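Work through the exercises below with the coordinates open. Each one gives a task and then a solution in steps.

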Amino acid sequence: MTTKSWGLWGGIAIFLLMLLMGPPASMGAPAWHVAALTLLMAIWWMTEAFPLTVTALLPFLALPLMGILSAGEVAKEYYSPILFLILGGAFLALTIERTGMHRRIALWILGFAGQSRFGLLLAFMAATAFISMWISNTSTSLIMMPIALAVLGAGGIADDETDGMAGALVLGVAFSASLGGLGTLVGSPTNPIAVGLIEKQVGMNISFADWMSFGVPILLVAVPVTALILAKVQRIDATAFDPKAARNAIGAQGPWTGAEKRLLPIILLAIMLWLAQPQLEALLPKGSVTDGTIAIACSLLLFLIPDGSGRPLLNWKEADRAPWGVIMMFGGGLALAAGIGESGLADWLGEALKPLAGVHPLIIAAAVTALVILITEFASNVATASGVMPVIAGLVAATGADPWLLAMCASIAASWGFMMPSGTGPNAIAWATGHVALPRMLRAGVLIDLFGVPLIVGIVWFVATFH
């Protein structure tokens, strides 16, 4: 049997067994039923027994039948203001891709690459990470990988070479694409999903600027350290490579197109408004200015402003590539969270975890971070975030720990997966080049994971002291 088959039938068996056994003495029947549903969804999400979005529909079916919430009440839970940040951010990202502005940014940053092998590797990773802060990590990899392969070819690397710069550069692109997604709320769908679940279950609002205050420092440290790890594991000086010839293959930027010139002010406006959102909120009616409303306001301009060729910067056929499945999956997580709260399961978790109240919060944060990193190596980032947030809410309630510390550690760790070729889109793209040796990828991934635990906890703890 495949993993999906085990997940499908194993999840159903555990769900039915829990319903037949009945709850423990300390838990009410509604909470036990929702616990069974939560475990079923977690198993299906992590094994991908069903498409992730299909599994997200289960709360709409199950919670009314369990008598927890009515169908109308569950339906309302499938939407949140943060969904509009995902949607508006996707529209902006799709327009950046259509106009080719991301390639221009990449070439500009690569222009600063020195003549050394490590300098070239670091420049590629910095360019990839910066672009991935604004568009999806998979799209970023698809743009940067052909440039990296051209550079390797010009530097004298054979098509089947996995040693030295060959493996380091393609893995550097893949890993920095994942790291770059941590920098902003729109960098990865996992980020706003985690934020929405945190707001729902912990009652803590995390703005675009708040997220950047944690994500950017982690990114600034993680990219160069990851480059050092790859340089060491791949032994970039051990094989023949001509950095000067490789650098000449990067190419030059052409003149700015009319579409790029019209898009740039919209992107800058969105970023400035996101960063100024807390100040704007104080000047306008309460609740009227959110990261989501800013994203939608700026994305509407994309449909209104012409690109100079007789068409708008973005049309609906292009916009329809937005991640609708991710939006629905996020809704399923919100609906499940509502069921956890309404059934009393959240209160039960808080009581059950109270013995941890005497443990130092940093130890709890480190354990949570390590566990989430381990899970996300084998499960979808989005599924991991959706599955662990109820536990984080219980830990916050039970231990009295700073919610910023636990919530942000778990949110960032959910996207920290580097070991497996199938773990992320960028990893799969790197593997497909033929320049990756699995043992070295696993070794580099393990080292980055081990480094990630103290890095995430340390920076989140430090920044959280100012919130």
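**Exercise 1. The largest pocket**

Which helices each supply at least two residues of the lining of the largest pocket?

*Solution.* The model is predicted: local features need pLDDT of at least 70 and side-chain atom pairs count only at pLDDT 80 or more, while totals for chains, interfaces and linings use all residues. Residues are numbered from 1 along each chain as its sequence is written, and side-chain values use heavy atoms, with hydrogens and water left out.

Step 1: fix the terms. On a 1 Å grid over the protein atoms alone, a pocket is an open set of points with protein on both sides within 12 Å along at least five of seven lines; a cavity is a set where a 1.4 Å probe fits but cannot get out; lining residues have an atom within 4 Å of a point. Grid points are joined across faces, edges and corners, and the volume is the space filled by probe spheres set on the points. Helices are DSSP runs (H or I, at least four residues), numbered from the N terminus.

Step 2: list the helices. They are helix 3 (52–55), helix 6, helix 9 (137–154), helix 11, helix 18, helix 21 and helix 23 (425–432). Helix 6 gives the largest share, 7 residues.

Step 3: describe the space. The largest pocket holds about 900 Å³. Its lining has 44 residues, with S136, N137, T138, P189 and V326 nearest the centre.

Step 4: classify the lining. Ala, Val, Leu, Ile, Met, Phe, Trp, Tyr, Cys and Pro count as nonpolar, Asp, Glu, Lys and Arg as charged, and the others, Gly among them, as polar. The count is 21 nonpolar, 19 polar and 4 charged.

**Exercise 2. The cavities**

State how many cavities of 30 Å³ or more a search of the whole structure finds, and describe their linings.

*Solution.* Step 1: the search returns 2 cavities.

Step 2: take the largest, with a volume of about 80 Å³. Its lining consists of G89, L92, A93, I96, W134, V186, I267, A270, I271 and W274. Helix 6 (82–99) and helix 14 (258–275) each contribute at least two of these residues. By class there are 9 nonpolar, 1 polar and no charged residues.

Step 3: take the second largest, at about 30 Å³. L197, Q201, G333, L336, A337, I340, S386 and P390 line this cavity. Helix 11 (190–202), helix 18 (324–343) and helix 21 (381–399) each supply at least two, and helix 18 gives the most, 4 residues. The classes are 5 nonpolar, 3 polar and no charged.

**Exercise 3. Two helix pairs**

Find how helix 2 and helix 4 pack, then treat helix 12 and helix 22 likewise.

*Solution.* Step 1: helix 2 (residues 29–47) and helix 4 (residues 58–65) pack at about 165°, with axes 11 Å apart. Axes are lines fitted to C-alpha atoms, for helices over the stretch in contact, and angles run from 0 to 180 degrees between N-to-C directions. The pair is therefore roughly antiparallel (over 145 degrees).

Step 2: the contact (heavy atoms within 4.5 Å) joins V34, L37, L40, M41 and W44 of helix 2 to L58, P59, A62 and L63 of helix 4. By class it has 9 nonpolar, no polar and no charged residues.

Step 3: the axes of helix 12 (residues 208–234) and helix 22 (residues 403–413) come within 12 Å and cross at roughly 60°. That makes helix 12 oblique to helix 22, oblique being what is left after under 35 (roughly parallel), over 145 (roughly antiparallel) and 65 to 115 degrees (roughly perpendicular).

Step 4: D210, W211, F214 and I218 in helix 12 meet W404, M408, S411 and I412 in helix 22. These residues divide into 6 nonpolar, 1 polar and 1 charged.
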